[in-house]
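Me: Hi! Could you take me through this model and show how each label was earned?

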Amino acid sequence: MVHVIDHPIVQNELTILRNVATKSFNFRKSLKKITTFLLYEMMRNTRTTRMEVETSLGKSEGLVMDEIIFITVLRAGIPMLETALDIFPNAQGGFVGIKRDKESLYPIVYFVNLPNVTGDAFFLDPMVATAGTVVKAIKILCERGCKPKGIVSIISSRKAVEILTEKYPSVDIVTAAVDEKLNKNGYIVPGLGDCGDRYYGSEIG
Ligand code: PRP
Ligand code: URA
C-alpha cells in the first residue's frame, strides 16, 4: 500500500527539494530532514518488544524496537541510510550499487554489501522512477533471506507505485509525492532533478 505523507513539514521540505534554485547545502539539509519524517511514518507499525524500565521513582512499562535492516542504493540513498542509522539504535545498514543503463534504463547491479542477518528490511531510495532499481534490490534481499517490509522514497512515479503494489502487495511504500510522468531518460517529472547530482553538488550548470 502506498502512503503519501501530506503533513506540512514533509511538504515544506519537498518544496525546497523540488526548487531548482535550492543549492546543494540546503538540499542536503532538507533531504535528511524529510527522510526523518518519512521514516517516522514508515515505522509506525514496526515490531517492538515490551519491557519494564526502572525510573528513579519506580517501575514503568516500556518497549524497545526490534532489530531492523535498512538497505540503500548508491549513491543518492546514502544520506537516507545515515539518517536511519542515526535514529534507530537497533538497526543495521547495507548497500546495493545499482546503475541504470542509459539507453534501456535496465538496472545493472555492480556492488552488494548487506549485513549478515535476516529480518525485516526497509529499502531507502530517494527517487523511484521506473522501479527497476527497487525490484532488483528486493530480489537481492529475498535471496539473502530478508523480509522486505517497506520502501521509503521522497518521490515515486505513478508507474512505479502501480508496479510495486501489484508485485509486492504486502510491502508498504511511504513517499512524500507520487508524480505522474517519466521523461524519455527515465527522470520523474516534475520530480526534483537528479537527486545524487544535486546532493553532492555535481550537477552541470
Ligand atoms: C536514481 C535513484 C534510483 C534510480 C531510480 O539513482 O536513486 O536508485 O535512479 O531509477 P529506477 O526507479 O528507474 O530504477 P541515479 O541513477 O540517479 O544514481 P545516483 O544516485 O548515483 O545519482
Ligand atoms: N534519478 C534521479 O535522480 N531523478 C529521477 O527523477 C530519476 C532517477
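**Contacts and definitions**

Reply: Happily! The structure holds eight salt bridges. This is a predicted model, where local features need pLDDT of at least 70, side-chain atom pairs count only at pLDDT 80 or more, and totals for chains, interfaces and linings use all residues. Residues are numbered from 1 along each chain as its sequence is written, chains are lettered from A and ligands numbered from 1 in the order in which they are written, and side-chain values use heavy atoms, leaving out hydrogens and water.

Me: Why is the contact of E13 and K33 called a salt bridge?

Reply: A salt bridge needs a side-chain nitrogen of Lys or Arg within 4 Å of a carboxyl oxygen of Asp or Glu. The side chains of E13 and K33 meet at 3.5 Å, N to O, so the pair qualifies. E13 lies in helix 1 (residues 8-18) and K33 in helix 2 (residues 24-42), 20 residues apart.

Me: What makes the approach of I188 to ligand 2 a polar contact?

Reply: The term covers a pair of N or O atoms within 3.5 Å; within protein, one must be able to donate a hydrogen and the other to accept it, and residues adjacent in sequence count only if both atoms are side-chain atoms. A backbone N or O atom of I188 is 2.8 Å from an oxygen atom of ligand 2, so it fits. A polar backbone atom of C195 also lies 2.7 Å from an oxygen atom of ligand 2, and one of G193 is 2.9 Å from a nitrogen atom of ligand 2.

Terms used
Helices (H or I, at least four residues) and strands (E, at least two) are DSSP runs, numbered from the N terminus.
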